[in-house]
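Here's a quick walk through the fold and the ligand site. Have the viewer open as you read.

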Amino acid sequence: MIKDSAVSSHCVQLSAAHPVLLWADAGAPCLQAETLAERLQLPLIRGKPAHQTLVLFLDADGLALGLSDMPCRHMLRADFSRILPRIQPQRLKSELLVRAAKIRKRRSTTLLAVDATAGLGEDAFLLAAAGFEVLLFEYNPFIAVLLEDALRKAQMLPELATICARMQLQCGDSIQLLQGLHSPPDLVYLDPMFPARHKSAKVKKKLQLLQMVEQPCTDEIALLQAALAAQPQKLVIKRPLKGAPFAGLKPSYSITGKAIRFDCLQVRS
Ligand SMILES: C[S@@+](CC[C@H](N)C(=O)[O-])C[C@H]1O[C@@H](n2cnc3c(N)ncnc32)[C@H](O)[C@@H]1O
């Protein structure tokens, strides 16, 4: 569940810079549209908004973020079914993130990961598929509701539902939420927004939309300090392949791919 207070305060800040409308299509459930508009403090409209308006679009398939003139298939939705091919056992084992997240000394049968920059939850889904219980922290209310929508839809597909049952979303700032953990997690994972790195037009479009509601991370040091203070066994940070280490942190080792790398720090043995 998303906490209303956290959603509203961040929303007011964001909507000043990027006005967003909630556009409910004819097929959208009325009650869901009204509840969402109230929770996010967004104007709710039913007809097509003016040219190039940034919208949260609600239809019978759920929620999407886009511009009013875009075909809705080009809008940004969180959808775990797209990742299903990547969780086939052989492929999952070779996922860079899953390799980076490997925990050498298990303290119990359950492994707990905190994804402190959850975004649309794709990386968290990979971690959950690899067996972690995952707490997902996301402070951007627009991104959080897209993620919440994906988790809701996943309950209807058995192959996703068992994995998503291990994922729990909390909307709020990780710098505070990490302080409220009951016990040290096995893993803290950070994937703070960094400037566009992909060349494909499709990915660029997705990033551009995300960047209209979320800016690159500016509080690197505070986020890193909060992650370390949570005393995970391991900290993993996604970076662009040639990017500087996050907040100047020297990793114990890195796992590198073609465009990205995962910096890994063994925080405690
Ligand atoms: C690059 S995206 C993460 C993408 C994600 N790994 C995925 O697989 O979809 C970064 C996300 O972290 C969120 N974020 C950044 N700083 C945060 C913080 N201090 N607390 C909570 N969320 C944060 C941003 O709002 C953004 O949605």
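## The four-stranded sheet

In what order do the strands of the open sheet of 4 strands come? The order is β2-β1-β3-β4, and the pairing is mixed. Keep in mind that this is a predicted model. β2 (44–45) and β4 (62–67) sit at the edges with a single partner strand each, so one side of each has no neighbour in the sheet.

Inside that order, β1 (residues 20–24) and β3 (residues 54–59) pair in the parallel sense, with 5 bridges between them. If you want a spot to click on, L21 stands opposite V55 in β3. Sheet pairing in general runs through backbone hydrogen bonds, parallel or antiparallel.

## Helices on the sheet

Helix α2 (residues 30–40) lies across β1, β2 and β3, and its direction is at about 170° to β1. Helix α6 (residues 141–154) packs on the sheet too, where it touches β1, β3 and β4 and makes about 145° with the direction of β4.

α6 turns up again elsewhere: it also lies across β6 and β7, running at about 155° to β7.

## A loop residue to look at

Now for K48, which you'll find in the loop between β2 and β3. Is K48 buried or exposed? K48 counts as exposed, because it has just 12 C-beta neighbours inside 10 Å, and the cut-off for exposed is 12 or fewer.

Along the chain, K48 and S68 are 20 residues apart, while their C-alpha atoms are separated by 6.9 Å.

## The seven-stranded sheet

There's also an open sheet of 7 strands, with mixed pairing and the order β7-β6-β5-β8-β9-β11-β10. Its edge strands are β7 (167–171) and β10, each of which pairs on one side only. On average, neighbouring strands here are turned by 20° against each other, ignoring direction.

At the β10 end, β10 (residues 253–256) and β11 (residues 260–266) run antiparallel and are joined by 4 bridges. The link between β10 and β11 is a hairpin through 3 residues. Across this pair, S254 stands opposite D263 in β11.

## Around the ligand

Which residues come nearest to the ligand, of the 20 around it? Those are T117, G119, E122, D123 and S174. The elements that give two or more residues to this shell are α5 (122–129), β6 (132–138) and α8 (174–177). So far as chemistry goes, the shell divides into 9 nonpolar, 5 polar and 6 charged residues.

Note on methods: Residues numbered from 1 in each chain as written. Predicted model: local features only at pLDDT ≥ 70, side-chain atom pairs only at ≥ 80, totals over all residues. Near = placed C-beta within 6 Å. Pairing = 2+ DSSP bridges. Contact = placed C-beta atoms within 7 Å. Axes fitted to C-alpha atoms, helices over the stretch in contact; angles between N-to-C directions. Buried ≥ 20, exposed ≤ 12 C-beta atoms within 10 Å, placed from the backbone.
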